[in-house]
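Here are a few exercises to work through with the model open in your viewer. Try each task yourself before you read the solution.

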Amino acid sequence: MNYDKSLPYTYLQSLPDLIHAIGQGPIAATALNTVTTFMHADHLTIFTFDDQLRPNLLDGSALVGENISLLIAQSYQKDFFPFDPQTKLITSQIKEQKHSILHLHASDIQNAAYRRIVYENHNLRERLSWLGMNYQRWYSINIYREIKSPSFSESEINLFEHHCGIIAAAIEQHIELRNRLSDIPLRKPSAEWFESILRTIASTLSQREIEVCARALMGMTRTGISSELGVKPTTINTLTQRAYAKLSISSLSELFALCLTHVQR
């Protein structure tokens with residue numbers, strides 16, 4: 001089997017995690033990890049666009065420190081996406097339906113409010129974006145560098161375009177799977193419904209761990225779970241961590257993904 005010998009070995013090592021993340025929870029975190037095997041990036045966001053080219057944040061991650069993707073998305077989606085050159089580039093290429101690379105310095109943004117609220121307030125220097133189309137819908141993979149980091153060089157931009165195709169393909173499959181899951185009729189499952197799923201997919205969980213995880217999946221807070229089950233909040237935390245360890249996961253989103261996978265079988 002032939003492969004591109006220009007690909008860094010660390011990049012190839014990161015691909016199994018990226019593939020495993022398809023349809024699961026932290027796709028942005030694994031995508032960012034893959035990007036950082038061949039170039040530096042401080043943040044990564046993934047946006048999808050509807051028919052009117054309104055953006056929606058799919059996921060975001062930070063290399064270190066605070067994940068600012070939600071803070072960026074709130075302002076960007078509400079007020080500023082019409083001023084983004086990315087939107088104009090997508091509009092100009094709707095018929096071609098091909099991927100594009102966009103490099104944007106904060107200083108290039110003409111709208112002062114957009115530049116200040118999204119970039120300057122979060123110490124962002126610039127953004128490098130991959131724009132692609134998935135089943136007639138546009139999406140973007142955006143990596144950001146902070147003021148403390150150097151500007152993207154021309155060689156790094158070329159590396160991003162050369163190596164990002166596999167990352168984009170994984171994210172396209174992730175988007176498609178998420179779209180399929182969104183077609184499932186909405187309902188409000190009971191704690192008993194979640195408990196039955198957890199018993200099926202995790203026979204090693206204790207009854208208490210199942211009860212706690214089921215209520216977390218329903219959206220209940222630790223305080224609410226504590227009150228309903230008559231268990232101390234600290235115990236709720238212990239039971240949750242024990243359950244995660246048994247399932248080899250680390251977050252509620254991963255637990256939810258396990259349940260969704262079971263429901264789709």
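**Exercise 1. A charged network**

Start with E228, which has a relative accessible area of 47% and is partly exposed; which residue does its side chain meet in a salt bridge?

Step 1. Fix the terms. Buried means under 20% relative accessible area, exposed means over 50%, and partly exposed is what lies in between (1.4 Å probe, protein chains only). A salt bridge needs a side-chain nitrogen of Lys or Arg within 4 Å of a carboxyl oxygen of Asp or Glu.

Step 2. Know what you're looking at. This is a predicted model, where local features need pLDDT of at least 70 and side-chain atom pairs count only at pLDDT 80 or more, while totals for chains, interfaces and linings use all residues. Residues are numbered from 1 along each chain as its sequence is written, and side-chain values use heavy atoms, with hydrogens and water left out.

Step 3. Find the partner. E228 meets R215, with 2.7 Å from N to O. The two sit in distant parts of the chain, 13 residues apart: R215 belongs to helix α8 (residues 207-217) and E228 to helix α9 (residues 222-229). R215 counts as buried, at 7% relative accessibility.

Step 4. Follow the shared partners. E195, R199, R215 and E228 end up in one salt-bridge network.

**Exercise 2. Two more pairs**

Give the N-to-O distances for the D50 salt bridge with R54 and for the R115 salt bridge with E120.

Step 1. For D50 and R54, the closest N and O atoms are 3.0 Å apart. D50 is partly exposed at 23% relative accessible area, and R54 is partly exposed as well, at 44%.

Step 2. For R115 and E120, the N to O figure is 3.4 Å. R115 is partly exposed at 21% relative accessibility, and E120 at 42% also counts as partly exposed.

Step 3. Put that in context: the whole structure holds 10 salt bridges. Side chains of opposite charge can pair when their charged atoms come close.

**Exercise 3. Build the sheet**

In what order do the five strands of the open sheet lie?

Step 1. Count the elements. The protein has 11 helices and five strands, taken as DSSP runs numbered from the N terminus (helices: H or I, at least four residues; strands: E, at least two). Two strands pair if DSSP finds at least two bridges between them.

Step 2. Lay out the order. It reads β2-β1-β5-β4-β3, with antiparallel pairing. At the edges are β2 (55-62) and β3 (100-105), each pairing on one side only. From one strand to the next, the twist averages 20°.

Step 3. Check the bridges. β1 (residues 43-49) and β5 (residues 137-146) share six, and I46 has I141 in β5 as its partner. β3 and β4 are joined by six, with I101 partnered by W130 in β4. Between β4 and β5 there are 10, and L124 is matched with E146 in β5.

Step 4. Look at cover. In β4, 10 of the 11 residues are buried.

**Exercise 4. Positive phi**

Which residue in the turn of the β4-β5 hairpin has a positive phi?

Step 1. Recall the background. Most residues other than glycine have a negative phi.

Step 2. Go to the turn. Two residues lie between β4 and β5, and Y135 there has a phi of about 50°.

Step 3. Look for others in loops. N123 has a positive phi near 55°; N123 is placed between α5 (112-119) and β4 and is partly exposed, at 48% relative accessibility. S248, with phi near 60°, lies between α10 (233-247) and α11 (252-264). S248 is exposed, with a relative accessible area of 66%.

**Exercise 5. The overall picture**

What share of the 265 residues is buried?

Step 1. Read off the burial: 46%.

Step 2. Turn to the surface. The protein exposes about 14100 Å², and carbon and sulfur atoms supply 52% of that; the areas come from the Shrake-Rupley method with a 1.4 Å probe, and for residues only the protein chains shown count as cover.

Step 3. Finish with contacts (heavy atoms within 4.5 Å). Of those with a separation of 6 or more, 59% come from residues 24 or more positions apart.

Definitions and conventions. Axes are lines fitted to C-alpha atoms, for helices over the stretch in contact, and angles run from 0 to 180 degrees between N-to-C directions.
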